[in-house]
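I pulled this one up to see where the ligand sits and how the strands are arranged. My notes are below, in the order I looked things up.

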Amino acid sequence: MTQATVWPEGHDRVILTEIDSTLDEAQRRFAQGVSRPTWILALNQTAARGRRGRAWAMPAGNFATTLILPTGDPTDRIALRSFTTSLALFDACVAATGRVEGLTLKWPNDVLLNGGKLAGILLETLQKGGRVCGASIGVGVNLAAVPAIDSLEPRAVPPVALASVTGALVAPEEFLTFLAAAFARYETQFATYGFEPIRRAWLDRAAHLGNDITARTGTSETRGRFETIDATGQLILTTDAGRQAIAAADIYF
Ligand SMILES: O=C(O)CCCC[C@@H]1SC[C@@H]2NC(=O)N[C@@H]21
């Protein structure tokens, strides 16, 4: 069962049949002048990318969007949108399916369903004249199908599709409204109360909090107990060498 949701006031949307990557399209459109939050939804992408230079495969029926978010915020505050977006994505999945069972968040911003990767986020900054003046937030969700399994890296969380686990067949256009509405709510909360309530909400939904996990940065690995995330969104691990704050890494359970 889905709940009625309205498109958020002040946000624009563009729906494209096909594009190389919605992140690239966001850069192009921002360069031409975009002053309001603008969601670019593509029904197919021919050159989509994921975190750390990986390709992102998009079977038919899956969800791909990039939000152009014009903002004068400094880059450390822009980076925290990674957490507001993952919370919004979590809520959009609940709204689309009517269930919360099995949904968790993996640092920094993946959404897991029954331990499999349902959705990922890639956040980049937007610049004009060498000055950062916005974010492009790319979101991919396996709504209908999982990408080919041969593209999976060793130890990576296997992909999972919303339709096969929950039975919910959600159109990308419908999912976009759930996501945009939830994002607008978190954006208001963030602007009003700062990061702390976002941080707590994120931790409430965190996968493997309190367990030993491995953080891989380039070629080095750190294993420790996943204690929390700090006020800047860094991952805090308690390791044999003491407490460590990690700004960017891939996580393995
Ligand atoms: O590696 C990840 O987990 C992030 C995946 C982000 C994929 C989305 S799909 C829409 C947007 N356009 C892209 O080229 N990538 C992002």
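**Ligand site**

I began with the pockets, and the largest one is the space taken by the ligand. A reminder to myself before going on: this is a predicted model.

Next I asked which residues surround the ligand. I found 19 residues around the ligand, and S21, Q45, R49, R51 and K117 come nearest. Then I checked which helices and strands supply the shell. Helix α1 (22-32) gives at least two residues, and so do the strands β3 (63-70), β6 (116-128) and β7 (131-141).

I went through the polar contacts one by one. For R49, a polar backbone atom is 2.6 Å from a nitrogen atom of the ligand. R51 also uses its backbone: an N or O atom there lies 2.7 Å from an oxygen atom of the ligand. With K117 I had to look at the side chain, where a polar atom lies 2.5 Å from a ligand oxygen. I then looked up how much of the ligand is covered. Taken alone the ligand exposes 420 Å², and the protein buries 98% of that.

**Seven-stranded sheet**

I traced the strands of this sheet across and got the order β1-β2-β3-β7-β6-β5-β4. It is an open sheet of seven strands with mixed pairing. Why is one side of β1 and of β4 left without a neighbour in the sheet? β1 (12-16) and β4 (103-106) are the edge strands and each has a single partner strand, so the other side has no neighbour in the sheet. From one strand to the next, the twist averages 20°.

I zoomed in on the β4 end. There β4 pairs with β5 (residues 110-113) in the antiparallel sense, over four bridges. I picked L105 to see what it faces, and its bridge partner in β5 is V111.

Three of the strands in this sheet came up earlier at the ligand: β3, β6 and β7 each supply at least two residues of the shell.

**Five-stranded sheet**

I did the same for the other sheet. Five strands run in the order β11-β10-β9-β8-β12, again as an open sheet, and here the pairing is antiparallel. I noted β11 (242-246) and β12 (250-252) as the edge strands, each pairing on one side only. The twist averages 45° from one strand to the next.

How many bridges link β9 and β10? I counted four between β9 (residues 220-229) and β10 (residues 235-239), with the two strands antiparallel. To have a marker on that pair, I wrote down R225, which stands opposite T238 in β10.

Notes. Residues numbered from 1 in each chain as written. Predicted model: local features only at pLDDT ≥ 70, side-chain atom pairs only at ≥ 80, totals over all residues. Heavy atoms only, no water. Pairing = 2+ DSSP bridges. Axes fitted to C-alpha atoms, helices over the stretch in contact; angles between N-to-C directions. Near = heavy atom within 4 Å. Polar contact = N/O pair within 3.5 Å; in protein donor to acceptor, adjacent residues only side chain to side chain. Areas by Shrake-Rupley, 256 points an atom, 1.4 Å probe, with all protein chains shown as cover. 1 Å grid on protein atoms, 1.4 Å probe; cavity = no way out; pocket = protein on both sides within 12 Å on 5 of 7 lines; lining within 4 Å. Sits in = over half its atoms within 2 Å of the grid points.
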